[in-house]
Each structure stands twice: as structure tokens, then as C-alpha cells.
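Let's take a walk through a structure together, starting from one residue and working outwards. Have the sequence and the 3D view open as you read.

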Amino acid sequence: MPSAKTERPRDELGRPLPAGSPNLLAVDDLAGLSTAEANALALAHFDAGRYFLAHEAWEAAWLESKGTASEALFKGLAQLGAGYTHAARGNAHGMRVLLERALDAIRVAPGPAWGIDLHTLGSLVERDLDRVRNLAAGASLLPVDPWRLPRS
């Protein structure tokens, strides 16, 4: 049975819409996916700029990895997806807070992990954090040159 999240109507950026609204975003049914499957889906979504869907898939990987050495990393990756979701929505504060949390998890995780080059990822997130901290009001929060997650 799909989760309530997959049944809830959402806009293109993952924001919930009122009941009865048309759904503008197809959210993956993540029930029953292994950690590896959820991570692979998250990687594909992130690389395509679908940050909310990447967040959702990494959240599923995080929940699936509870009690393992990967739990903190997947929580951080879920925050990474949420941070860029906030960027797409124009929320500088939300982006900054969530990317800082994600960076904390990325920095302490033994890397590379789950096919991700965590050292390079940390550098990219730091660069985007520096950029958003110094951004002029009204400028786009998303990177001018979107990047793919670095692979190990």
C-alpha cells in the first residue's frame, strides 16, 4: 500500500497542495525498497535536479538503515536533498540550515560510501553554502552550473 505521502497532491517542487487538487508531481512508492535501491533512486533524482524526490528516496534509505553505520550519512543526504529543495523554492534560510546539517554528516562519514565521493561532495556543498551566504537579495539560490553527485 502506498504511503500517505505518495497519495497527497503536490506541486512541482514537492509542496503539499490542498486535498482534491491535481497532483503535479509523481512521488515514487518507496515502500519495500532496500537501502541500495533507495540510494540509487536518490542519486538519479538528484542528478536530474529533482531534489525533493532525492530527499524522499534518501529518507527511505535512512529509515531502512536505522541502527547501521550508514544511518547518519543517509540522514545527511536526506538533508542535502531538502536543502536544494529549499533552494528551488527560493528559501535561502532553509537551504543554508539544511546544507549545513548535511555537510556535518558528510564530513564525518567514512568515504567514499554508497558510490559517492564524499570528499568532493563536501567541497561542492561548501562552495554552494559560501555562495548563498554572500548572495544578493533576489538572486537564484540554485547553482548557475548544476552539478551531479560525485561518484567514487
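A residue counts as buried when its relative accessible area is under 20%. Keep in mind that this is a predicted model. With that cut-off in hand, look at Leu98: its relative accessible area is 13%, so Leu98 is buried.

Where does Leu98 sit? You'll find Leu98 in helix 5. Leaving aside residues up to four places away in sequence, Leu98 touches Gln79, Ala82, Gly83 and His86. Take Gly83 from that group: Leu98 and Gly83 are 15 residues apart in sequence, yet their C-alpha atoms are 4.8 Å apart in space.

**Helices that pack against each other**

Those touches belong to a wider contact. Here are three helix pairs, with the numbers for each.

| Helix pair | Angle | Axis distance |
|---|---|---|
| Helix 4 (residues 71–88) and helix 5 | roughly 160° | within 8 Å |
| Helix 5 (residues 92–108) and helix 6 (residues 118–133) | about 155° | 10 Å |
| Helix 2 (residues 35–47) and helix 3 (residues 51–64) | about 165° | 8 Å |

Start with helix 4 and helix 5, whose axes cross at roughly 160°. That angle makes helix 4 roughly antiparallel to helix 5, since angles over 145 degrees count that way. Helix 4 passes helix 5 in a left-handed crossing. On the helix 4 side, the contact includes Gln79, Ala82, Gly83 and His86, and on the helix 5 side it includes Leu98, Leu99 and Ala102. Sorted by class, this contact has 10 nonpolar, 5 polar and 1 charged residues.

Now turn to the other partner of helix 5. Helix 5 and helix 6 pack at an angle of about 155°, and are therefore roughly antiparallel to each other. Their crossing is left-handed. Among the residues making this contact are Met95, Leu99 and Leu103 of helix 5, along with Leu121, Val125 and Leu129 of helix 6. How many charged residues does the contact of helix 5 with helix 6 have? There are 6, next to 10 nonpolar and 1 polar.

Further back along the chain, helix 2 and helix 3 pack at about 165°, so they are roughly antiparallel to each other. Helix 2 and helix 3 also make a left-handed crossing. Ala38, Leu41, Ala42 and Phe46 are among the helix 2 residues that meet helix 3, where the partners include Tyr51, Ala54 and Trp58. This contact has 12 nonpolar, 3 polar and 1 charged residues.

**A group of rings**

Phe46 and Tyr51 are worth a second look. A pair of aromatic rings is described by the distance of the centres and the angle of the planes. Searching the whole structure turns up 7 aromatic pairs. One of them joins Phe46 and Tyr51 edge-to-face, at 5.0 Å centre to centre with 70° between the planes. Are these two buried or exposed? Phe46 is buried because its relative accessibility is 1%, and Tyr51, at 10%, is buried too.

Phe46 also pairs with Trp147, and this pair is tilted: the centres are 5.3 Å apart and the planes are at 45°. That pair links distant parts of the chain, with Phe46 in helix 2 and Trp147 in the segment after helix 6, 101 residues apart. Trp147 has 10% relative accessibility, so it counts as buried.

Which residues form one aromatic cluster? They are Phe46, Tyr51, Trp58, Tyr84 and Trp147.

Terms used:
Residues are numbered from 1 along each chain as its sequence is written. This is a predicted model: local features need pLDDT of at least 70, side-chain atom pairs count only at pLDDT 80 or more; totals for chains, interfaces and linings use all residues. Side-chain values use heavy atoms; hydrogens and water are left out. Axes are lines fitted to C-alpha atoms, for helices over the stretch in contact, and angles run from 0 to 180 degrees between N-to-C directions. Helices (H or I, at least four residues) and strands (E, at least two) are DSSP runs, numbered from the N terminus. Angles under 35 degrees count as roughly parallel, over 145 as roughly antiparallel, 65 to 115 as roughly perpendicular and the rest as oblique. A crossing is left-handed if the near helix is turned anticlockwise from the far one by less than a right angle, and right-handed if clockwise. Contact means heavy atoms within 4.5 Å. Ala, Val, Leu, Ile, Met, Phe, Trp, Tyr, Cys and Pro count as nonpolar, Asp, Glu, Lys and Arg as charged, and the others, Gly among them, as polar. Rings of Phe, Tyr and Trp (its six-membered ring) pair if their centres lie within 6.5 Å; planes under 30 degrees apart count as stacked, over 60 as edge-to-face and the rest as tilted. Buried means under 20% relative accessible area, exposed over 50%, partly exposed in between (1.4 Å probe, protein chains only).
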